[in-house]
Structure formats: C-alpha cells, structure tokens
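Subject: Structure handover

Hi,

Here is the structure I promised to pass on to you. Have a look at it first, and then read on for what turned up.

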Amino acid sequence: MTGLSTIAAISTPLGTGGVGIIRISGKSATEIADKIFVSVSGKKLADSKGYRAHFGKIFDRENAVDEAVCLVFRAPHSYTGEDVVEINCHGGVFLMKKILRLALQNGAQAAAPGEFTKRAFLNGKLDLSEAESVMTLISAQGEQGANAAFNQLEGKLSKKIERITSSLLSVAAHIAAWVDYPDDEIEELGENELRNTIVNANLEIRNLLSSFDSGIAVTSGVEAAIVGKPNVGKSTLMNLLTGYDRSIVTEIEGTTRDVVEETIDLDGCLLRISDTAGMRETGDLVEKLGVERSRKKLERAAIVFAVFDSSKMLSDEDVELIDECKNKNVIPIINKTDLDQILDVDYIINHLGEPIYISAKNGDGYNLLCERVSNLLGTKNFDTTSAILINERQRICCQKAENALSDAENALNIGLTPDAIGVCIDDAIAALLELTGQKASEAVVDEVFKQFCVGK
C-alpha cells in the first residue's frame with residue numbers, strides 16, 4: 001500500500017510495568033524515530049537493516065527522557081507489511097504517553113483502533129478472518145479459547161474456506177464457459193460431478209455453522225444467569241463457580257439486591273455469569289429494581305441456572321420461575337442437598353427436565369454441573385485445532401453461502417438450466433469471499449477493525 005500516513009500508538013496496556021511499547025508504522029517510521037531516539041552506537045535507525053535492536057535514549061529536544069531499545073522491522077517483513085519501529089521503554093503511564101506525544105509531534109499520526117492490523121490486512125499479511133482472530137486471541141480468558149483463536153490466526157478457517165471456494169469456482173467457471181461460448185463445443189459439466197461438488201461444499205459449510213455456538217462458548221463466552229427466589233443459594237453457587245467469595249452470602253432473604261457479574265472458565269466453557277437478585281414481589285424500591293434487572297438477565301441469557309431449595313416446599317415464586325424458563329437453555333439445580341429434601345422435584349422434572357443435585361455450600365455436585373454445561377453448549381470434546389467461526393459476521397457469511405448452495409441443489413433437482421444453477425453458485429462464492437475479505441466492502445472492513453483496541 002502507498003500513500004498511507006505513518007501511524008503511532010502505545011501497544012501495551014496503560015499501567016505501571018517493567019516495559020512499555022510504542023509502535024510506529026509507515027514509510028517514515030525510522031525517520032520519525034530518529035528524531036526522538038539516539039543510539040549509543042550513533043547509528044541512525046534509518047540506516048538499520050530489519051530485525052535489529054538498538055539501545056539508546058529518548059530525547060525531548062536536548063533533554064533525555066528515558067533509556068530505550070528500538071526494534072527495527074523492514075517492509076514487507078513486519079506485522080503491518082510496512083517499515084515498523086517498536087520503542088521499548090520503561091512501562092510507566094507518563095513515560096509512554098510522553099514518548100508517543102514526541103512521535104506525534106515529529107510527524108506521526110495517531111493510530112485508530114485496529115489500524116496496525118488493518119494495514120496488515122490491506123498489505124496481504126493476513127485475511128479478514130485471520131485478522132478477526134487477533135482480537136479473539138487477545139481477549140481469550142481460557143486455554144481452550146486461546147488455542148482455538150490461535151489456530152484461526154494460523155489460517156485453519158481461511159484454508160477451509162479457500163478449499164470450498166476453489167471447488168465451487170472450478171464448476172462455476174465451467175458453467176460460465178459452457179453458457180458464454182456455446183459454439184466452442186465445451187463439454188457440459190456432468191450432473192453427478194456438479195451435484196457432488198455442491199453437496200460436499202454445503203456439507204462443510206453446514207458443519208461450520210453447526211459448531212458455531214460451541215466455538216463462541218469457547219472463544220468469546222456466553223451469557224449465563226443464576227436465577228431463583230431469595231435464599232435458595234444463588235450467591236453460594238456463584239462463589240462456588242468463581243472459586244472465591246464474589247457474592248455476599250447471609251441467611252437474610254434479599255441480601256443480593258443487584259446483579260453481580262463475573263467471567264469464569266468452567267471446564268473449558270467461558271461463561272459471563274450473573275448472580276441475580278432473588279425473584280419475588282417486593283415493596284422495597286431498591287430490591288424491586290434488582291428484581292427487574294434479574295428478569296432482563298434471564299431474558300438475555302444463553303444458559304440459565306435455575307436454582308431451587310431442596311429443603312423447602314415448591315412456592316409460587318418457584319412455579320413462576322419455571323414458567324419463565326420453559327423456552328430457555330436451562331439447567332435446573334436442586335441445591336442444599338445436605339439438608340432433608342421436601343421439594344417436589346417431579347414438577348421441576350416434568351417442566352424443565354432432569355435437574356442437577358448439589359450442595360453449593362459443600363461443593364457436592366460441582367463436577368456434574370460442569371459436565372452438564374459442557375454437554376449443553378457442545379464443548380465437552382471440542383476440537384480447538386479445527387476450523388471454527390468466531391463471530392456473527394462470519395456466521396452470516398456462511399449462512400448466505402449455505403442458502404445459495406441449497407438453492408443450487410433445488411435448481412438442480414427440478415431440472416433448471418446450468419446458467420440458473422451457476423447464479424446460485426456465484427452467490428455462494430461471493431459470500432465466502434466476503435468472509436475472508438477478498439470481496440468485503442470498505443464499510444465491512446472498517447466495522448471489523450473498529451472492534452480492535454488502539455495499538456493493535
């Protein structure tokens with residue numbers, strides 16, 4: 001790419017640390033860095049080869065600001081595909097901001113969110129699906145999620161989509177040639193070969209779509225809510241799942257008056273879990289607001305832990321909760337199994353399915369709960385090395401391709417002409433090329449990189 005300005009940003013989190021990194025990328029990267037950095041050897045960064053480190057000092061005019069190590073990368077062998085200088089300084093917030101300001105004062109432009117990775121995409125260093133995996137890898141909060149994101153960064157999804165697209169392009173080109181040049185005696189594509197190509201491509205796409213929810217559960221996490229009437233042990237369960245006293249636990253009903261949230265890795269499943277206020281009718285204004293928030297969390301949750309007290313009779317609040325959970329991915333939990341059972345469990349089984357029996361206080365049943373979550377989200381034997389879809393944009397592209405190939409199958413079945421089938425195949429190819437960014441609009445590309453942090 002030419003004509004792009006040289007950009008700079010802090011690439012490490014703002015906070016006190018041993019090392020901070022300011023990244024400069026663009027045609028003038030070394031020249032700008034030379035205006036604020038002097039190496040102990042006296043050698044200019046502009047004269048440096050790539051993959052070289054230089055020790056020296058950062059200067060604000062005549063005044064030394066900090067000692068630093070500058071790493072030089074030359075185009076096209078850098079993250080962005082451009083000349084890049086990474087200034088490694090001491091990791092203080094003031095120092096990093098000051099050095100960035102010096103770079104900006106000497107000709108660099110402030111990088112927009114994700115602009116370094118966007119330039120890597122524009123310069124052909126990675127495709128759009130690989131670029132998206134960068135932020136998924138950065139935000140990963142569990143080993144499975146990190147492994148899955150890294151494999152997508154390594155091109156697992158891209159290679160699969162490329163293979164599917166290549167097979168479709170082959171038959172599309174043959175159909176187009178047959179339609180456009182009827183006098184050239186081009187042999188018509190055999191129906192079996194055409195059908196097999198369409199069916200096999202669609203099968204692979206459907207497999208990707210079927211694993212979408214599991215992939216999201218591993219890489220990005222899903223919303224989960226712990227719900228139930230007051231004093232059934234929701235907060236104790238929250239503390240068991242998080243591994244520490246995240247929620248306040250007392251014998252007083254209504255102790256939790258607001259939603260308490262935490263992200264946890266539950267046996268490979270990443271859950272953004274909420275401990276909600278006890279759901280009941282109340283005249284207390286503060287508690288009432290908490291109950292309203294609890295109901296909203298219940299509505300939005302992808303998975304619901306509906307908690308019931310084994311030592312109490314089924315109440316009107318329990319029955320109301322069961323009704324609200326009927327159309328959700330719900331795991332009914334019978335808590336307080338360390339006490340004598342009075343609860344009518346059959347009613348719960350008939351309406352919500354088989355429950356998990358636990359004592360959140362003692363930790364009994366924890367492993368069974370983890371296993372149920374894994375089964376429900378499809379992550380029990382999840383293969384992190386396989387190609388997966390990691391966001392809604394990718395899912396929509398695959399869904400468009402699946403719809404188009406299904407139309408192609410139907411057109412073939414009812415005997416439509418090859419050119420009509422070719423139109424459907426072309427639509428599928430366009431959707432797959434949009435997924436990898438080869439035919440994505442500028443607006444789509446911009447939207448992808450808006451989700452990135454500044455400095456990456």
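A cavity, as the word is used here, is a set of grid points where a 1.4 Å probe fits but cannot get out, and its lining residues have an atom within 4 Å of a point. Please keep in mind that this is a predicted model.

**Cavities**

There are 2 cavities of 30 Å³ or more. The second largest holds about 30 Å³ of space. Its lining is made up of Gly142, Glu143, Gln144, Gly145, Val218, Asp265, Gly268, Cys269 and Leu270. Two elements, helix H5 (143-153) and strand E10, give two or more residues each to that lining, and H5 gives the most, with 3 residues. Sorted by class, the lining of this cavity has 3 nonpolar, 4 polar and 2 charged residues.

**The second largest pocket**

The second largest pocket has about 280 Å³ of space. Of the 13 residues that line this pocket, Glu132, Met135, Asn391, Val448 and Gln451 lie nearest its centre. Helix H4 (128-139) and helix H16 (442-450) are the elements that give two or more residues to the lining. H4 has the largest share, 4 residues. The classes here are 5 nonpolar, 5 polar and 3 charged residues.

**Arg393**

Two of the residues nearest the centre of that pocket, Glu132 and Val448, are also among the contacts of Arg393. Arg393 sits in helix H14 (residues 392-413). Is Arg393 buried or exposed? With a relative accessible area of 16%, Arg393 is buried, because the cut-off is under 20%. A polar atom of the Arg393 side chain lies 2.7 Å from the backbone oxygen of Leu435. Neighbours within four places in sequence aside, Arg393 is in contact with Leu128, Ser129, Glu132, Glu434, Leu435, Val444 and Val448.

**Helix H9 and the sheet around it**

Helix H9 (residues 234-242) is largely enclosed by the rest of the structure, because 7 of its 9 residues are buried. These are Lys234, Ser235, Leu237, Met238, Asn239, Leu241 and Thr242. What do the buried residues of H9 pack against? Their partners are strands E8 (222-227), E9 (260-266), E10 (269-275), E11 (303-309) and E12 (330-335), together with helix H13 (366-377). After H9 comes Gly243, with a positive phi near 90°.

The strands just named belong to an open sheet of 6 strands with mixed pairing, in the order E9-E10-E8-E11-E12-E13. E9 and E13 (356-357) stand at the edges with a single partner strand each, so one side of each is left without a neighbour in the sheet. E13 runs parallel to E12, and 2 bridges join them. Ile356 in E13 is the bridge partner of Ile333.

**Strands E4, E5 and E6**

Strands of a sheet pair through backbone hydrogen bonds, either parallel or antiparallel. Strand E4 (residues 52-60) and strand E5 (residues 63-73) run antiparallel, joined by 9 bridges, and Phe55 stands opposite Val69 in E5. The hairpin of E4 and E5 has 2 residues between the strands, and Arg61 takes a positive phi near 60° there. E5 is also joined to strand E6 (residues 84-91), by 5 bridges, and this pair runs antiparallel. Across that pair, Cys70 stands opposite Ile87 in E6.

Best wishes

Terms used
Residues numbered from 1 in each chain as written. Predicted model: local features only at pLDDT ≥ 70, side-chain atom pairs only at ≥ 80, totals over all residues. Heavy atoms only, no water. Buried < 20%, exposed > 50% of the residue type's maximum accessible area, 1.4 Å probe, protein only. Polar contact = N/O pair within 3.5 Å; in protein donor to acceptor, adjacent residues only side chain to side chain. Contact = heavy atoms within 4.5 Å. 1 Å grid on protein atoms, 1.4 Å probe; cavity = no way out; pocket = protein on both sides within 12 Å on 5 of 7 lines; lining within 4 Å. Points joined across faces, edges and corners; volume = space filled by probe spheres on them. Nonpolar A, V, L, I, M, F, W, Y, C, P; charged D, E, K, R; others polar. Pairing = 2+ DSSP bridges.
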